[in-house]
Amino acid sequence: MIRFENVSVRYEDDTEPTLRGVDLTVPEGELVLLVGPSGVGKSTLLGAVSGLVPHFTGGTLTGRVTVDGRDTRTHPPRELADVVGTVGQDPSAHFVTDTVEDELAYGMESLGLAPAVMRRRVEETLDLLGLAELRDRPIATLSGGQRQRVAIGSVLTPHPKVLVLDEPTSALDPSAAEDVLAVLQRLVHDLGTTVLLAEHRLERVVQYADQVLLLPEGVMGSPAEIMAVSPVHPPVVALGRLAGWEPLPLTVRDARRRAGELKGRLEGRDPAGLLAGLRDSAPPAFEARGSGGGAPGFGKGRGGGLNLFKRRRTESDTPTPLLHVEALAVRRGRVEALRRIDLQVHAGETVALMGRNGAGKSTLLSTLVGMIAPTSGTVRVAGRVPHTTAPGELIRQVGLVPQEPRDLLYADSVAAECAAADADAGTAPGTCRALVSELLPGVADGTHPRDLSEGQRLTLALAVVLTGSPPLLLLDEPTRGLDYAAKARLVTHLRSLAADGHAIVLATHDVELAAELAHRVVIIADGEVVADGPTAEVVVSSPAFSPQVAKILAPQHWLTVEQVEEAL
Amino acid sequence: MIQKTGPGLSTFAAPEASRANALHAGAWWLWALGLAVAASRTTNPLLLGLLVGVAGYVVAARRTDAPWARSYGAFVKLGLFVVFLRVVFSLLLGSPIPGTHELFTLPEVPLPDWAQGVRIGGRVTAEQLVFALYDGAKLATLLICVGAANALANPARLLKSLPGALYEVGVAVVVAMTFAPNMVADVARLRTARRLRGRPTGGVRAVLQIGLPVLEGALERSIAVAASMDARGYGRTALVPASVRRTTNVLTLGGLLGVCAGSYGLLAAEGAGYGLPLLGAGLLAAMAGLRLGGRRTVRTRYRPDRWGPRAWLVAGSGVAVAVLMIWANAYAPEALHPGVVPLEAPELPLWPAVSILVGLLPAFVAPAPKENA
């Protein structure tokens, strides 16, 4: 279906080609997963299939790419639109019309399908993707997961033979990601669609793949073969390699069947490993509050009152928390984004905020740095009220790395950015640059922040925020678009920061990251805290938020491969 | 049990709005333009107020909670601003309206001789203020009528009624228009993000510093949308024989020339004889050209809005208001233009007021949006 013959792609200014000599054949009806570290040309390869490379991006493509027998050199993307459907990394940049139903029909209208056919396919696709409820909704009002499904639906309606997806689940919470992947699997099984997708979060997708293509080597093989040698792999594979399981399990289910012997070896050992010291030194975490939000009215109000009372009493004998949030509520227009949030974070503690898209995680973080004023309740960061504190003073107390790190970067070179950061924080010149050199070795002064990779940009933003050395560090969705190596580096940095006494709060969908870093997990649903407790307890009991290792080794409380390795 | 499905009263009640019975966007625009024409025919503040009330009531009864439906408030504010501006200008620059009721005198700026006829400051009379108010209210009502159409009709749906040859241009325009709100959102986001760097979020410097990143972001987004549109078949063309293409060009160009010459003939003193036929022929040729040009595009339309009886009623009610008001100018000109010199209190003339109320019809016949919070 897709054939690459000795394909190389080079962009104008680069000295090295992005892709070099790729030869591959993807047969019809396969789900092929592209894996590899950042910057090896996964997006370029995907773009070459849809013809956007080189027709739209520029650069030179040598060799030959054919899709369903059509050569992309002679067919521009619009002439391939009936065989290839493409969804890019950002679904909101994909939409042309403003309502769900029109969006689904747009591609078919361009191809000139008959009205009766369009009508039938729109109905089918609405059902296939579970979008029937949303058909009249304006796209601007949809959540991230819904948008992703609409974007996929909009390229499905012309019945393309090939579907190309670039990181379809990176912005989604675990359950929304599962929905999207289930749809893809259904397409492959029921309609024989060929799917080519790139994804960093392998723990979510590898079990769905028929074949895996490893870049930059360009080798393709069965998932088990490739995962045995791949430098990027999900925790289940890492555990399998560690335990020496043969053949390598790719799903939690396979791994659990083999895990009996390993569980026996781990029996009786303390599942604390590396984090034990930190976890013990951290102050005792609060119990889960809100009791799941089941009890309405009177009962709930009374419970809240009691809680308040209890906490007042215990506070006197624990050290004052760095972050103190009490009965916080935030309203935006008529929407109550946050309700009755109570949260305390002490120095040296790492807390993961989890919850589905739109639950209020980002709103909470914005409130903590004073970007949003609370409607009621109190927020204190090191004794200060964030939204009334002068920004210049506040950045020495609390720093936030936003979801889009680019928002923080204004200058046109790394050096200028660092100089500005020193001036902003009032620190000695060179402070920020020293941090950058430490966190991000080998980045030249003159590099434009835009030319950095996703992970490098995040690290630069982190360095800029750390220049004021705030005791409280907040990160919003820090691992979006990061490969495993960049993620591992981030984890190392954050751990050493926590060891230095920084308190860290991170909002994330990445359960593996939470498992590796957090002492405590706070789950937010619908603007309320529904669970707050030690990571192992909260995460192991929840099917959506538990990491792969916890699922495999349940009921034992192991969270990461690292812990298991330490214990063996 | 057989349910009775005879034509009871409920058959005529407005159905719940859905995609299938959506009112043609053109009907809403005709209705709003009818109200606007009516507004342009009167300066009576009571009648203008009635028009605004009618438009507002229909918007309140029939708008959805889609993003474009929220623009009505903005148009009302714009209208009030226009009234305010008109009065301020009248205060400062004076007015040619002669008046006897002097209210107060502003200090007058002495101007050199060559600026004769221009006055800044000076005497302010009640007549002049009332005239400015009436005039401003007329403009504001026009704006509010346009705002009502904007809130009631999805702009993208209007596109679907364009001839095929113009559709692609229309899509480009609509996509381009969505960038304004996106850029506003970007500016807001980046301004608050400045707080994270410890910089003040307000002031001119803040705007200047985020200007470049905002423009960069907008540019990147437009490239991404263009790539997506291309990959989804935007701009696919069908092969048409060279003869058809040539005929299209000749018809369109010739038609437009005919329209120009015809309009000139109509306006010029001596050419009234051939003006009208030339204009008609030009229009016909241009339309034939557009239609033929539509053959080059392969696109089809998904569920275009149908022009049903309800659309006729909505559009008809607007046109009726316009026609009745024009007619009212013939039988009651004084009531429609209350005197300014000498000052007199405006009255509400019965029949013109009743004819404006005809514009309320859409609030009863147009499909009602779903009740959801």
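1. Is G533(A) buried or exposed? This is a predicted model, and in it G533(A) is buried, because its relative accessible area is 4% and the cut-off for buried is under 20%. You'll find G533(A) in strand β19 of chain A, which covers residues 528-534. A handy landmark to look for is H519(A): it sits 14 residues away in sequence, and the two C-alpha atoms are 8.5 Å apart in space.

2. Next, take a look at K42(A), in helix α1 (residues 42-50) of chain A. This lysine is buried yet has no salt bridge. The nearest side chain of opposite charge belongs to E167(A), and that is 5.9 Å away. What K42(A) does have is a backbone oxygen beside its side chain: that of G36(A) lies 2.9 Å from one of the side chain's polar atoms. Setting aside neighbours within four places in sequence, the contacts of K42(A) are L34(A), V35(A), G36(A), P37(A), A198(A), H200(A) and L215(A).

3. On to salt bridges: there are 39 over all chains. One to start with is E16(A) with R20(A), whose side chains meet at 2.9 Å, N to O. R20(A) counts as exposed because its relative accessibility is 56%, and the cut-off for exposed is over 50%.

4. Now compare that with E349(A) and R520(A), which also form a salt bridge, with the closest N and O atoms 2.9 Å apart. This pair links distant parts of the chain, 171 residues apart. E349(A) is in the loop between β12 (335-345) and β13 (350-354) of chain A, while R520(A) is in strand β18 (residues 520-525) of chain A. Both E349(A) and R520(A) are buried.

5. Which chains does the salt bridge between D424(A) and R197(B) cross between? The two side chains meet at 3.4 Å, N to O, and the pair runs from chain A to chain B. On the A side, D424(A) belongs to helix α17 (residues 414-425); on the B side, R197(B) is in the loop between α7 (179-196) and α8 (203-231). D424(A) is buried, with a relative accessible area of 19%. R197(B) is buried too, at 2% relative accessibility. Elsewhere, salt bridges with shared partners tie R3(A), E5(A), R64(A), D71(A) and R73(A) into one network.

6. There is empty space to check as well. The structure holds 10 cavities of 30 Å³ or more, and the largest cavity has a volume of about 120 Å³. Residues of both chains line the largest cavity, among them V96(A), Y106(A) and E109(A) from chain A and L159(B), K160(B) and Y167(B) from chain B. Three helices each supply at least two lining residues: α4 (100-111) of chain A, plus α5 (155-159) and α6 (164-177) of chain B. The largest share, 4 residues, comes from α6(B).

7. Staying with chain B, have a look at D305(B), in the loop between α10 (272-293) and α11 (309-331). D305(B) counts as buried, since its relative accessibility is 15%. L158(B) is 147 residues away from D305(B) in sequence, yet their C-alpha atoms are 9.0 Å apart in space. Beyond its neighbours within four places in sequence, D305(B) is in contact with A22(B), L23(B), H24(B), A25(B) and R157(B).

8. Back in chain A, helix α10 (residues 235-243) has these buried residues: P235(A), V236(A), V237(A), A238(A), L239(A) and G240(A). After α10(A) comes G244(A), with a positive phi near 70°. A little further on, a cis peptide bond joins E246(A) and P247(A), with omega about -10°. P247(A) is in the loop between α10 and α11 (252-258) of chain A. Another cis peptide bond joins A554(A) and P555(A), with omega about 5°; P555(A) is in the loop between α23 (548-553) and α24 (561-567) of chain A.

9. Finally, two backbone oddities to inspect. D68(A) is not a glycine, but its phi is positive, about 50°. D68(A) lies in the loop between β4 (60-67) and β5 (70-71) of chain A and counts as partly exposed, at 29% relative accessibility. R340(A), also a residue other than glycine, has a positive phi near 45°. R340(A) is in strand β12 of chain A, and at 51% relative accessibility R340(A) counts as exposed.

Key. Residues numbered from 1 in each chain as written. Chains lettered and ligands numbered in written order. Predicted model: local features only at pLDDT ≥ 70, side-chain atom pairs only at ≥ 80, totals over all residues. Heavy atoms only, no water. Buried < 20%, exposed > 50% of the residue type's maximum accessible area, 1.4 Å probe, protein only. Lys, Arg positive; Asp, Glu negative; His and termini not counted. Salt bridge = Lys/Arg side-chain N within 4 Å of Asp/Glu carboxyl O. Polar contact = N/O pair within 3.5 Å; in protein donor to acceptor, adjacent residues only side chain to side chain. Contact = heavy atoms within 4.5 Å. 1 Å grid on protein atoms, 1.4 Å probe; cavity = no way out; pocket = protein on both sides within 12 Å on 5 of 7 lines; lining within 4 Å. Points joined across faces, edges and corners; volume = space filled by probe spheres on them.
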